[in-house]
Amino acid sequence: MASVANDKAKLAAARAAVGDDYVPDDSEEYMNERQQDYFRMLLLDWKKSIHDAAGQTLQSLQDGPIREPDLNDRASSETDWGIELRTRDRQRKLIAKIDSALRRIDKGEYGWCEVTGDPIGLKRLIARPVATMTVEAQEAHERREKISRDD
């Protein structure tokens, strides 16, 4: 719970530093403090929404087992729950990526490609805040991955 309280404090501080209508712009110095606060706020908001959704799923699971009298209805409900739980598992993995991005912001490494060292780019980071590579480096990585998978 200390982590959640710490995240809330960091989120409030980032919101205060950024303001409500700020959007990073290419005319600014890349990864300046305000941009870092913006991405910290984006990542913390995303993490909070995942935690909130997980809490709702947990509450639904605790409300009781599936008690559909019809076997088809029960099977459908169980399938829905399976999908929901797989979604939560993917989001659990996403939280690890969000935490990693937050650590990179704290270290001053956020926004820079881990392969080439080039700027990832504001548009890419806005679209995918957990990105660790430029589009070009990511495409090359995926091509290598596909080739090794095909072998």
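# Notebook: a five-helix predicted model

**Entry 1, getting my bearings.** I started with burial and found that buried residues make up 28% of the 151 residues in the protein. For my own use I note that buried means under 20% relative accessible area, exposed means over 50%, and partly exposed lies in between (1.4 Å probe, protein chains only). I keep in mind that this is a predicted model, where local features need pLDDT of at least 70, side-chain atom pairs count only at pLDDT 80 or more, and totals for chains, interfaces and linings use all residues. Residues are numbered from 1 along each chain as its sequence is written, and side-chain values use heavy atoms, with hydrogens and water left out.

**Entry 2, confidence.** I looked up pLDDT, the predictor's confidence in each residue, from 0 to 100. The mean for the protein is 86, and 89% of its residues reach 70 or more. Where is confidence lowest, and where is it highest? The lowest mean, 75, belongs to helix 1 (residues 2-18), while helix 4 (residues 122-127) has the highest, at 95. A reminder to myself: where pLDDT is low, the predicted coordinates should not be read in detail.

**Entry 3, the fold.** I counted five helices and zero strands. Going along the sequence, I read the pattern α-α-α-α-α. These elements are DSSP runs numbered from the N terminus, with helices being H or I of at least four residues and strands being E of at least two.

**Entry 4, salt bridges.** My rule here is a side-chain nitrogen of Lys or Arg within 4 Å of a carboxyl oxygen of Asp or Glu. By that rule I get six salt bridges. One of them joins Asp-106 and Arg-40, whose closest N and O atoms are 3.1 Å apart. Asp-106 lies in helix 3 (residues 71-107) and Arg-40 in helix 2 (residues 33-62), so this pair ties together parts that are 66 residues apart in sequence. Is Arg-40 buried or exposed? Arg-40 is buried, at a relative accessible area of 14%. I also found that Asp-37, Arg-40 and Asp-106 are linked in a network of salt bridges.

**Entry 5, two bridges inside helices.** Next I followed the salt bridge between the side chains of Asp-52 and Lys-48, at 3.0 Å from N to O. Both residues sit in helix 2, four residues apart, about one turn of the helix. Asp-52 is partly exposed at 38% relative accessibility, and Lys-48 is partly exposed at 41%.

In helix 3 I picked out Asp-89 and Lys-93, which form a salt bridge with their closest N and O atoms 3.6 Å apart. They are four residues apart in that helix, so about one helical turn separates them. Asp-89 has a relative accessible area of 31%, which makes it partly exposed, and Lys-93 is partly exposed too, with 46%.

**Entry 6, a charged patch.** Which residues form the negative surface patch? I listed Asp-118, Glu-136, Glu-139 and Glu-142. To belong to a patch, a residue needs over 30% relative accessible area and no salt bridge, and like charges are joined within 9 Å. I followed up Glu-139, which is found in helix 5 (residues 135-150) and is partly exposed at 42% relative accessibility.

**Entry 7, the loop between helix 1 and helix 2.** Met-31 is in this loop, and its phi caught my eye: it is positive, about 55 degrees, although Met-31 is not a glycine. Most residues other than glycine have a negative phi. Met-31 counts as buried, at 7% relative accessibility. Gly-19 lies in this loop as well and is partly exposed, with a relative accessible area of 26%. I checked its C-alpha against that of Arg-34: the two residues are 15 residues apart along the chain, and their C-alpha atoms are separated by 9.6 Å.

**Entry 8, two more distances.** I turned to Asp-7 in helix 1, which is buried at 15% relative accessibility. Asp-7 and Asp-45 are 38 residues apart in sequence, and from C-alpha to C-alpha they are 9.3 Å apart in space. My last stop was Thr-87 in helix 3, partly exposed with a relative accessible area of 22%. Between Thr-87 and Ala-54 there are 9.6 Å in space, C-alpha to C-alpha, for a separation of 33 residues in sequence.

Definitions and conventions:
Patches are made of residues with over 30% relative accessible area and no salt bridge: like charges are joined within 9 Å, nonpolar side chains (Val, Leu, Ile, Met, Phe, Trp, Tyr) within 5 Å. Accessible areas come from the Shrake-Rupley method with a 1.4 Å probe; for residues, only the protein chains shown count as cover. Lys and Arg count as positive and Asp and Glu as negative; His and the chain ends are not counted. The place of a charge is taken as NZ of Lys, CZ of Arg, CG of Asp or CD of Glu.
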